[in-house]
There are 2 protein chains.
Amino acid sequence: MRKEQSTNYENRQKIIAACPISYTLSLIEGRWKPMILHQLFSGISRYSEIKKAISIITERMLTAELKELELRGMIHRKSHEEAMLKVEYGLTERGESLRPVFQQLWQWGKSDRTTSAAFTKS
Amino acid sequence: MRKEQSTNYENRQKIIAACPISYTLSLIEGRWKPMILHQLFSGISRYSEIKKAISIITERMLTAELKELELRGMIHRKSHEEAMLKVEYGLTERGESLRPVFQQLWQWGKSDRTTSAAFTKS
DNA sequence: CCGTATCCTTCCCGATACTG
DNA sequence: CAGTATCGGGAAGGATACGG
């Protein structure tokens, strides 16, 4: 299921093992994961609500990103037995511990945007 | 030079514009960038020294990552005219402002590794 | 010493259609 | 409502050789 042989993969693992910063980032990594986590930090928890909050995301990506966040131990899934058509996601203790980190990343982004003339995409 | 048409690219831009966290992460993003920045924060500045510190990186990737960090305004390049064979990189004010962010990411990574049983790569 | 230039592989992510 | 399955494009990144 995963090519253990590719140098691409190996390098990634070595960096994650060697550098706590890359390690932390590897748990957040992914196109939609930061936004999804931000929704959860904001109190939104239902699948359909996250979907509505991030309107341009596809079902496939939302499901995939949620599943990966669950695998990484950042969130947990809770499907209500009484109403099968309701699924809620919540932060684990590990995920919750990221809150100050996200706050700081948020702050830095906000202030950098006001102070830096332009953001030239590389 | 860049496909402005791909939804992939468009989504990326929309997220960066909408979410300060994704915006911040977009400036750090890249296989080797966090490690490279960490070297600079640690006082290492010469190309050859960074190369030695991150032994498994290829010249191509080191050069490319450094160039992108320069484009993003995080570092500046200084080639010594007297000795053309010596190039030093330094943090810009913008890059320096990331130091507390990196410290926190470092801290979180360190403590998470000790508290979480295992890191199951997704 | 500090890069460039090519080529090629891997894998992320979007589109679309379908399901209990 | 909350997913799954399959397909395909393209960007990121690695190997290798060459250059001032």
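Which residue of chain B forms a salt bridge with Asp112(A)? Here are a few notes on this predicted model, beginning with that pair.

1. The partner is Arg94(B), and the closest N and O atoms of the bridge to Asp112(A) are 2.7 Å apart. The count between chain B and chain A is two salt bridges, and there are also 16 residue pairs in polar contact across this interface.

2. On the side of chain B that touches chain A, H7(B) gives the largest share, with eleven residues. Helices H1, H2, H3 and H5 of chain B are also among the elements that supply two or more residues there. By class, this side has 25 nonpolar, 13 polar and eleven charged residues.

3. Now for the extent of the contact. Chain A and chain B bring 49 residues each. About 4900 Å² is buried between them, and carbon and sulfur atoms give 66% of that area.

4. Turning to the DNA, 22 residues lie around strand D, and those that come nearest are Ser48(A), Arg77(A), Leu85(A), Tyr89(A) and Arg60(B). Of the strand D atoms within 4 Å of the protein, 68% belong to sugar and phosphate.

5. Some individual contacts are worth a look on your screen. A side-chain N or O atom of Tyr89(A) is 2.8 Å from a phosphate oxygen of strand D, and a polar side-chain atom of Trp32(B) lies 3.1 Å from a phosphate oxygen. Glu59(A), by contrast, has a side-chain N or O atom 3.0 Å from a base nitrogen.

6. H5(A) provides the largest share of the surface near strand D, four residues. That surface divides into seven nonpolar, six polar and nine charged residues.

How values were computed. Residues are numbered from 1 along each chain as its sequence is written. Chains are lettered from A and ligands numbered from 1 in the order in which they are written. This is a predicted model: local features need pLDDT of at least 70, side-chain atom pairs count only at pLDDT 80 or more; totals for chains, interfaces and linings use all residues. Side-chain values use heavy atoms; hydrogens and water are left out. A residue is near a molecule or strand if one of its heavy atoms lies within 4 Å of it. A polar contact is a pair of N or O atoms within 3.5 Å; within protein, one must be able to donate a hydrogen and the other to accept it, and residues adjacent in sequence count only if both atoms are side-chain atoms. Ala, Val, Leu, Ile, Met, Phe, Trp, Tyr, Cys and Pro count as nonpolar, Asp, Glu, Lys and Arg as charged, and the others, Gly among them, as polar. Contact means heavy atoms within 4.5 Å. Buried area is the accessible area (1.4 Å probe) that two parts lose on being put together, summed over both. A salt bridge is a side-chain nitrogen of Lys or Arg within 4 Å of a carboxyl oxygen of Asp or Glu.
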